[in-house]
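This briefing concerns the local geometry of a single predicted model. Please consult the sequence and the structure below while reading.

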Amino acid sequence: MSVPNVVVHRNADVLAKAVAARIITRLVDVQSAKGSASIVLTGGSVGIATLAAIAATPARDAVDWRRLDVWWGDERFLHSGDKERNETGAREALLDHVDLDPERVHVMRGPDSGMSAEESADSYAAELRAASRPEDHGPVPGFDVMLLGMGPDAHIASLFPGMPALYDTRPVVAVHGAPKPPPTRISLTLPAIQAAREVWVVAAGEEKSGAVRLALSESGYVQVPAAGAKGRGRTLFLLDRAAAGKIPPGLGRISSP
């Protein structure tokens with residue numbers, strides 16, 4: 001696993017725009033090298049603001065959207081179109097405004113699919129397995145970039161501190177009793193997250209600063225899930241100044257555009 005690098009931006013608005021630019025550059029580079037690319041999306045205010053920033057810039061046209069696979073790191077187990085679903089926010093912010101191949105948008109199914117949460121998780125795991133290639137060396141694709149938000153409790157995706165999902169080695173699990181509503185969710189597990197070539201943790205706000213400090217220290221991932229957010233090739237913590245406010249000097253490599 002890669003050692004995290006830290007990049008600090010002035011505020012949340014600048015952070016979202018900077019991450020949007022990074023995503024476009026990363027996708028274009030990958031598509032130029034191998035023809036197609038994959039991204040794992042997250043929800044949350046900064047995650048959705050980042051997607052909106054991509055939609056707002058003419059540079060988005062540099063991406064061949066038809067050759068992009070879109071996945072999610074987690075989803076609230078709610079009916080399709082529910083405003084609380086990460087998919088709904090992503091579609092409104094970006095996905096409905098670019099020419100994606102619908103077959104390459106991989107949605108975590110809700111209860112209106114007729115599936116239980118466990119069946120939805122198993123179905124998503126099967127989709128991931130079908131998309132993986134021999135060079136991925138496992139049951140999930142080597143995602144080109146995985147976006148993760150982080151809560152003040154240091155949760156990532158729907159992996160909350162101390163919950164059983166953190167011990168699970170399957171790629172996707174149903175989460176019950178989540179401390180944030182709704183209580184039932186679908187989430188990638190740490191092994192699936194760590195299969196990504198690049199993992200980018202994006203966080204803004206002073207309320208996240210303690211969690212950022214713990215995630216970048218030697219904390220264990222069971223109590224600090226974000227400490228397990230590491231990509232095979234690269235790990236970035238992309239922060240605003242408020243979220244970076246408690247990082248000790250010398251912890252990670254920090255740059256401030």
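The points below concern aromatic pairs, a buried helix and backbone geometry.

The model is a predicted one. Its aromatic pairs number two, and they join Trp71, Tyr124 and Phe143 into a cluster. Helix H3 is largely enclosed by the rest of the structure, because six of its eight residues are buried. The backbone includes a cis peptide bond from Pro181 to Pro182 and positive phi values at Ala154 and Ala157.

**Aromatic cluster**

- A pair of aromatic rings is described by the distance of the centres and the angle of the planes.
- The count of aromatic pairs comes to two. In the pair of Trp71 and Tyr124, the ring centres are 5.7 Å apart and the planes meet at 80°, so the arrangement is edge-to-face.
- This pair connects distant parts of the chain: Trp71 belongs to strand S3 (residues 68-72) and Tyr124 to helix H4 (residues 117-131), with their positions 53 residues apart.
- Both Trp71 and Tyr124 are buried. Trp71 also pairs edge-to-face with Phe143, with 6.2 Å from centre to centre and 65° between the planes.
- The pair of Trp71 and Phe143 likewise links distant parts of the chain, 72 residues apart, with Phe143 in the loop between H4 and strand S5 (145-148).
- Trp71 has a relative accessibility of 2% and therefore counts as buried, while Phe143 is buried with a relative accessible area of 0%.

**Enclosure of helix H3**

- Helix H3 spans residues 86-93, and six of these eight residues are buried, so the helix is largely enclosed by the rest of the structure.
- The buried residues in H3 are Asn86, Glu87, Thr88, Gly89, Ala90 and Ala93.
- Which elements cover the buried residues of H3? Strand S2 (37-41), helix H2 (44-56), S3 and strand S4 (74-76) are among them.

**Backbone geometry**

- Most residues other than glycine have a negative phi, and most peptide bonds are trans.
- The peptide bond from Pro181 to Pro182 is cis, with omega near -10°. Pro182 is located in the loop between strand S6 (172-175) and strand S7 (185-188).
- Ala154, a residue other than glycine, has a positive phi near 75°. Ala154 lies in the loop between S5 and S6, and its relative accessibility of 3% is why it counts as buried.
- Ala157 is not a glycine either, yet its phi is positive at about 50°. Ala157 is found in the loop between S5 and S6, and at 12% relative accessibility it counts as buried, because the cut-off is under 20%.

Key. Residues numbered from 1 in each chain as written. Predicted model: local features only at pLDDT ≥ 70, side-chain atom pairs only at ≥ 80, totals over all residues. Heavy atoms only, no water. Phe/Tyr/Trp six-rings, centres within 6.5 Å; stacked < 30°, edge-to-face > 60°. Helix = DSSP H or I, 4+ residues; strand = E, 2+ residues; numbered from the N terminus. Buried < 20%, exposed > 50% of the residue type's maximum accessible area, 1.4 Å probe, protein only. Contact = heavy atoms within 4.5 Å.
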